Amino acid sequence: MLKLKTIIAAAIGLLMTFQAHASDKFITVASTTSTANSGLFDAILPKFEKETGIQVRVVAVGTGKAIRLARSGDADVLFVHHKPSEEKFVADGFGIERFDVMYNDFLLVGPKSDPAGIKGSSKATDALQKIAKNSSLFASRGDDSGTNKKERALWKAASLDPKSASGGWYRETGSGMGATLNVASGMNAYAMTDRATWLKFKNKGDLTILTEGDPALFNQYGIILVNEAKHPHVKSALGQQFVDWIISDAGQTLINDYKIKGKQAFFANAQPGS
Amino acid sequence: MNDISEAFSTALHLLISLDADLIEIVGLSLQVSLSAVVIAVVIGLPLGAALALFKFPGRGAVTIVINALMGLPPVVVGLVVYLILSRSGPLGVLGLLFTPTAMIIAQALLITPIIAALTRQVVADLWVEYAEQMRSLGSGRLRAMPTLLYDARFTLVTAVLAGFGRASAEVGAVMIVGGNIDHVTRVMTTAIALEVSKGDLALALGLGIVLIGLSVSINAATYSVKQRAEAVWT
Amino acid sequence: MTHTTPISTHNVPANDVMPEKTSTPSQSSKILPLRVESLSFTAKGEHLLQDVSFELSAGPRTVIMGPNGAGKSLLLRLCHGLLEPTSGSVRWMGGKAREATMSQAMVFQRPVLLRRTVAQNVDYGLKLHDVPRADRPQIIQDVLNRTGLARFAEKPARLLSGGEQQKLALARAWALKPDVLFLDEPTASLDPAAAHAIEAIVQTMHDEGTRIIMTTHDIAQAKRLADEVIFVHKGRVLEKTPAEHFFDTPECGEAAAFLRGELRW
């Protein structure tokens, strides 16, 4: 019986050590897997933490999930890349104000053999039409993320409904960008990905960039402070500090300076004082 | 094949260099899973023993449910705990989401049925053997509980190890309720999942090898201690 | 129930020499006599025990005999309270229910010992009987000495030989100072030397006032130990007679056949 008491005491001790962290200064930022996997946060957040002493805890999930987290009050700041959803978030009263932060672009990648012949297309919709016409395998995230919403918008703009071919040549993985690229790599399928994730991705297999540069592939990131009127516990003061920093010269410079394999991954475009 | 050999060398390198991130992640993994095991033992042992010893209406149904819960999908447990701990959920005010405590709670829920179900079986079998003598000596069922649990201690260690194995191997629950936050809630399994999603399969596999190695070490140590003790306390 | 009186110090040999057969009546019993009335036990439609009635008063060593499957072990368990009768009653005329339970002990054919030391196994019974912690070590020491197990006190009980384990089971019962001791074929699994040792301890306990009620299928053993015999056959008690009378001139034909070795079940 003595052993049991010791075990219980040890267990409580273990749990207590975790609660100690709870009193540290930190904010929770709901962001996306593509942003996190790019390595941007690992590069710039330590600088913010050092300056302000505020620990930034990033929960990286799909855009849809990130927005839901913020709506539930489980995050203090929302940092995703789907402007329509972000604006709705603010309009519904869950966010104070939306700010542009940075942009990069999406790419269409696919097997080097390029069976659908999309290489060099100037318009993304042209490329998608060729893929559909050829019934070439296409791996979609299918997870309601910013990337996924963008992809679906492009199909729509190309007057196509790939969902009718879901399970056929259109494969919806329901997963993050990396997992989807793994699938694409594994079955030599086409896919749409953001440039930063692509640069960092290590399992490219036979895939390569086939279409880029179309303005329709533009990918804008925005940041929003969660509205404490909806969720009183939100760390507004600390969160505001982070938002201010990201769109300040200091934050913007760091974003521009971040390189993957020597190439700039994100282009800062916050409007000063918006 | 290339990935696999690269994985082994990665694992070796991580271990030999005592990579700081790795140490942190391993430490957190152990803290979370061991804490979950402790909670599961505190609840599961008496629960299993009581289920074995006391007859009550619906006992069969409860036994079936607990046995079935052994197969709880971790991602489902994670989802349920997330909904409860979310700020918009009933226990949101506790602010436990995305903390190691939330992960411990989720894993404890996951493995308590395992420990309870295995304990129930062990204690029931032992009671068949001991009941007459213990009752003759004056022990009722309630008093018999700690006696039987202690007498079955070696078999119960195996049940506890099974629970620990399940906890340290799962990723679904801790990913959802922990958020895989760097330096805060990143454990071995979520780190592996992250590296897979980055396409760094060699590193992911390397971490996997470290995780398996850890599990093997713990089991080996427990086994040798248990063997020696069991020889004495047949 | 407090244990303030130490185990009585008759001049009892601590080794395995068999003392002479004596039949000292139980000195003081709080719960005897035991009255069994119209006791019946049915399971799965089978009448395993039918309409059994007898009374056991303080004094003699009772041995219950009969062929395999006659119902001896069942009868013992019903008397001890491990089973509930289908009909009829088992009543301890001398005391209340709880006291009756705590004043009895039972030893089974195979000893059931916990995964603890020899001393801890004895201690377990004392704990269950709420014996004060301060008194226990002395009681344990006494009883282990008297059963020849003192040198094994700290040894894991289950590492002992079969005979020693059964001695421990007896020691554990003895430590409780029971008014009544039930034994169900206690030496059936033991070699003759071990059986001999067990019989010696049983004899000592009888001499010190414990009422012995035992089953056996070993006729020679019964002749050695019994003062009275209850003969059971196919769930009925056919005879209850003093030992000499039973072995020389049993009343019923089945008993006679049994003694001749003809009645197997």
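What follows is a short exchange on chains A, B and C of a predicted model.

Residues are numbered from 1 along each chain as its sequence is written, and chains are lettered from A and ligands numbered from 1 in the order written. In this predicted model local features need pLDDT of at least 70 and side-chain atom pairs count only at pLDDT 80 or more, while totals for chains, interfaces and linings use all residues.

Trainee: What pattern does chain B follow along the sequence?
Mentor: Helices (H or I, at least four residues) and strands (E, at least two) are DSSP runs, numbered from the N terminus. Chain B has ten helices and zero strands. Its pattern reads α-α-α-α-α-α-α-α-α-α.

Trainee: What share of the residues of chain B count as buried?
Mentor: A residue is buried if 20 or more other C-beta atoms, placed from the backbone, lie within 10 Å of its own; it is exposed if 12 or fewer do, and partly exposed in between. Chain B has 234 residues, and the buried share is 48%.

Trainee: Which helix gives the largest share of the largest nonpolar core?
Mentor: A nonpolar core is a set of buried Ala, Val, Leu, Ile, Met, Phe, Trp, Tyr and Cys residues joined through C-beta atoms within 7 Å. The largest one has 121 residues, and those with the most contacts inside it include A70(A), V77(A), A102(B) and V177(B). The largest share, 20 residues, comes from chain B, helix 5 (residues 100-137).

Trainee: Which residues does V177(B) touch, leaving out those up to four places away in sequence?
Mentor: Contact means C-beta atoms, placed from the backbone, within 7 Å. V177(B) is among the residues with the most contacts inside the largest core. Its partners are G78(B), V81(B), Y82(B), L85(B), L97(B), A102(B), M103(B) and A106(B).

Trainee: Which helix gives the largest share of the side of chain B that touches chain A?
Mentor: The contact takes 23 residues from chain B and 27 residues from chain A. Helix 2 (20-53), helix 5 and helix 9 (188-197) of chain B each give two or more residues to the chain B side. The largest share, five residues, comes from chain B, helix 2.

Trainee: How far apart are the centres of the two domains of chain A?
Mentor: Bounds come from an automatic or database domain assignment. Chain A is divided into domain 1 (2-103 + 220-268) and domain 2 (105-217). In contact are 18 residues of domain 1 and 15 residues of domain 2. Taken over C-alpha atoms, the centres are separated by 28 Å.

Note on methods
Contact = placed C-beta atoms within 7 Å.
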